[in-house]
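Got the model open in your viewer? Here is a route through it, one selection at a time.

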Amino acid sequence: MRAVVIRRYGVLPVVEEVAAPEVEPGGVVLKVEATGLCRSDWHGWQGHDPDIVLPHVPGHELAGTIAAVGAGVSGWAVGDRVTSPFICACGTCEQCLAGNQQVCLRQLQPGFHYWGSFAEYVALPFAAVNLVRLPDALDFGTAAGLGCRFATSFRAVRQVGRVAAGEDVVIFGCGGVGLSAVMIASALGARVIAVDTNPAALELARSYGAAEVVLSSSNVVPELLELTDGGAQVTMDALGSAAIVQSALTALRPRGRHIQVGLLPGGVQLDVGRLIGQELEWLGSHGMPAHAYPEMLALVASGNLAPDKLITRTITLDETPTALAALTNGTPPGVTVITP
Ligand SMILES: NC(=O)c1ccc[n+]([C@@H]2O[C@H](COP(=O)([O-])OP(=O)(O)OC[C@H]3O[C@@H](n4cnc5c(N)ncnc54)[C@H](O)[C@@H]3O)[C@@H](O)[C@H]2O)c1
Ligand SMILES: [Zn+2]
Ligand SMILES: [Zn+2]
């Protein structure tokens with residue numbers, strides 16, 4: 001099969017012929033119909049992820065049709081249209097048994113722990129726990145986003161951030177994660193303020209429901225405090241930036257919640273005194289388990305959420321290495337989908 005192969009960190013990957021994955025007991029092999037280009041793929045290519053072993057095929061935000069079904073898998077057949085959370089959970093560890101598959105102790109992530117979906121085929125383990133059947137009306141490109149960024153934002157905003165109608169929510173970074181969060185928080189009735197350095201991304205944020213948009217600068221906090229009359233109830237770092245974390249924490253009202261979705265490979269210093277004195281919550285959020293998908297899919301089916309509108313660009317496998325490398329210099333507005 002053809003796949004995007006990383007041989008050295010930070011060096012342009014190459015599209016090559018490689019062996020297709022074998023189907024494992026309990027798992028399936030998917031023909032990849034669409035796969036999203038997420039900034040986590042860029043982090044992996046940069047060498048920020050200790051789980052990756054070279055040579056490596058990235059890609060974890062995926063949708064496709066089942067091409068092979070492993071021994072012991074029931075309820076799934078060749079040809080079924082599916083997506084999967086990028087955190088493939090084992091289903092049997094203590095966290096999985098408690099319903100917290102997003103922090104599974106034996107999780108396997110395609111595109112990180114093993115070869116991912118920037119390829120014609122990808123293997124998915126633990127089919128019983130992770131496969132999500134796609135409604136007929138949902139196209140593969142839109143469904144791919146449900147494998148990572150849209151679903152991650154859904155859980156981050158709803159379950160982790162507990163965003164409620166009428167609250168002021170500031171989203172820092174309006175790429176795939178941030179724009180999804182803008183759409184989801186707006187649909188929940190929050191007043192969303194979107195922050196980005198790219199005016200085109202802010203224009204998209206407004207079209208997905210942001211009440212206010214703010215062009216990011218080194219001194220964005222006073223403007224946010226004014227727009228929120230003293231501070232937001234919720235902030236979210238949807239880029240992964242130590243500077244954003246500091247701005248976000250100072251833009252919160254007392255007892256505010258900060259949601260951290262953007263990765264911070266260099267770590268970050270927190271003003272713990274402020275966290276204590278203002279009773280702020282600093283909340284990590286990681287993906288979303290398959291059992292939480294029905295609520296999100298119902299909101300998509302009813303038209304309250306429209307993840308299809310986030311897609312601004314569809315590219316081929318051959319165009320993927322350059323598109324991945326270009327993320328070093330910024331993000332094209334909206335979501336990029338690859339059709340292998
Ligand atoms: N926690 C999880 O489960 C999870 C899941 C998916 C992605 N992620 C991480 O989330 C982050 C976002 O991913 P993405 O694919 O949406 O990224 P992206 O590259 O699509 O978007 C980043 C956005 O941030 C904007 N930006 C850049 N500098 C800025 C600044 N100083 N202030 C405000 N905005 C700025 C860019 O213009 C862009 O619109 C990444 O770190 C990714 O690895 C985490
Ligand atoms: Zn991702
Ligand atoms: Zn588990």
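Select strands E9 and E10 (residues 212-215) first: 4 bridges join them, and the two strands run parallel. This is a predicted model, so keep that in mind at every stop. For a landmark in the pairing, show Val195, which stands opposite Val214 in E10. Now add helix H7 (residues 199-207) to the selection, and you have E9, H7 and E10 forming a right-handed β-α-β unit.

Next, go to the other neighbour of E9. Strand E8 (residues 168-172) is joined to E9 by 5 bridges, and here too the strands run parallel. Val169 is a handy marker, as it sits opposite Val192 in E9. Bring in helix H6 (residues 176-187): E8, H6 and E9 make a right-handed β-α-β unit.

Stay on E9 and turn on its side chains. Which way do they point? Arg191, Ile193 and Val195 go one way, while Val192, Ala194 and Asp196 go the other. Residues on both faces are buried. In numbers, 6 of the 6 residues in E9 (residues 191-196) are buried, and the strand is mostly covered.

**Into the core**

Now colour the nonpolar residues. Broadly speaking, nonpolar side chains in soluble globular proteins tend to be buried together. The largest nonpolar core here has 100 residues, and the members that touch the most others are Val170, Ile171, Ala181, Val182, Ala185, Ala194 and Ala205. Which element gives the most to this core? H6 does, with 7 residues. Colour by domain as well, and you can see that the core draws at least three residues from each of domain 1 (2-148 + 288-338) and domain 2 (153-284).

**The ligand**

Centre on ligand 1 and show what surrounds it. There are 34 residues around the ligand, and Arg39, Gly173, Gly175, Val177 and Gly240 come nearest. Helix H1 (39-46), helix H5 (149-160), H6 and E9 are the elements that give two or more residues to this shell. What is the shell made of? Its residues divide into 13 nonpolar, 18 polar and 3 charged.

Keep the domain colours on for a moment. Where does ligand 1 lie relative to the domains? Domain 1 (2-148 + 288-338) and domain 2 (153-284) both give residues to its shell, so the ligand lies between them.

**Along H5**

Select H5 next. Of its 12 residues, 11 are buried, so the helix is largely enclosed by the rest of the structure. Among the buried ones are Arg149, Phe150, Arg155, Val157, Arg158 and Val160.

Then step off the end of the helix. Arg162 comes just after H5, in the loop between H5 and E8. Check its backbone: phi is positive, about 50°, although Arg162 is not a glycine. Is Arg162 buried, partly exposed or exposed? It has 15 C-beta neighbours inside 10 Å, so it counts as partly exposed.

**Two more backbone stops**

Phe126 also deserves a look at its backbone. Its phi is near 50°, a positive value in a residue other than glycine. You will find Phe126 in the loop between E6 and helix H3 (127-130). With 25 other C-beta atoms within 10 Å, Phe126 is buried.

For a cis peptide bond, select Leu54 and Pro55: the bond joins these two, with omega about -5°. Pro55 belongs to the loop between H1 and strand E4 (61-69).

**Out to the loops**

Now jump to Gly99, in the loop between helix H2 (94-97) and strand E6 (121-124). Is Gly99 buried or exposed? Gly99 is exposed, because it has 10 other C-beta atoms within 10 Å, and a residue with 12 or fewer counts as exposed. Try your distance tool from here to Gly273: the two glycines are 174 residues apart in sequence and 33 Å apart in space, C-alpha to C-alpha.

The last stop is His291, in the loop between strand E13 (281-284) and helix H11 (293-301). His291 has 14 C-beta neighbours inside 10 Å, so it counts as partly exposed. Finish with the pair His291 and Pro340, which are 49 residues apart along the chain, with 28 Å separating their C-alpha atoms.

Notes: Residues are numbered from 1 along each chain as its sequence is written. Chains are lettered from A and ligands numbered from 1 in the order in which they are written. This is a predicted model: local features need pLDDT of at least 70, side-chain atom pairs count only at pLDDT 80 or more; totals for chains, interfaces and linings use all residues. A residue is buried if 20 or more other C-beta atoms lie within 10 Å of its own, exposed if 12 or fewer, and partly exposed in between; C-beta atoms are placed from the backbone. Two strands pair if DSSP finds at least two bridges between them. A crossover is right-handed if, with the strands pointing away from the viewer, the path from the first strand over the helix to the second runs clockwise. A residue is near a molecule or strand if its C-beta atom, placed from the backbone, lies within 6 Å of it. Ala, Val, Leu, Ile, Met, Phe, Trp, Tyr, Cys and Pro count as nonpolar, Asp, Glu, Lys and Arg as charged, and the others, Gly among them, as polar. Domain bounds come from an automatic or database domain assignment. A nonpolar core is a set of buried Ala, Val, Leu, Ile, Met, Phe, Trp, Tyr and Cys residues joined through C-beta atoms within 7 Å.
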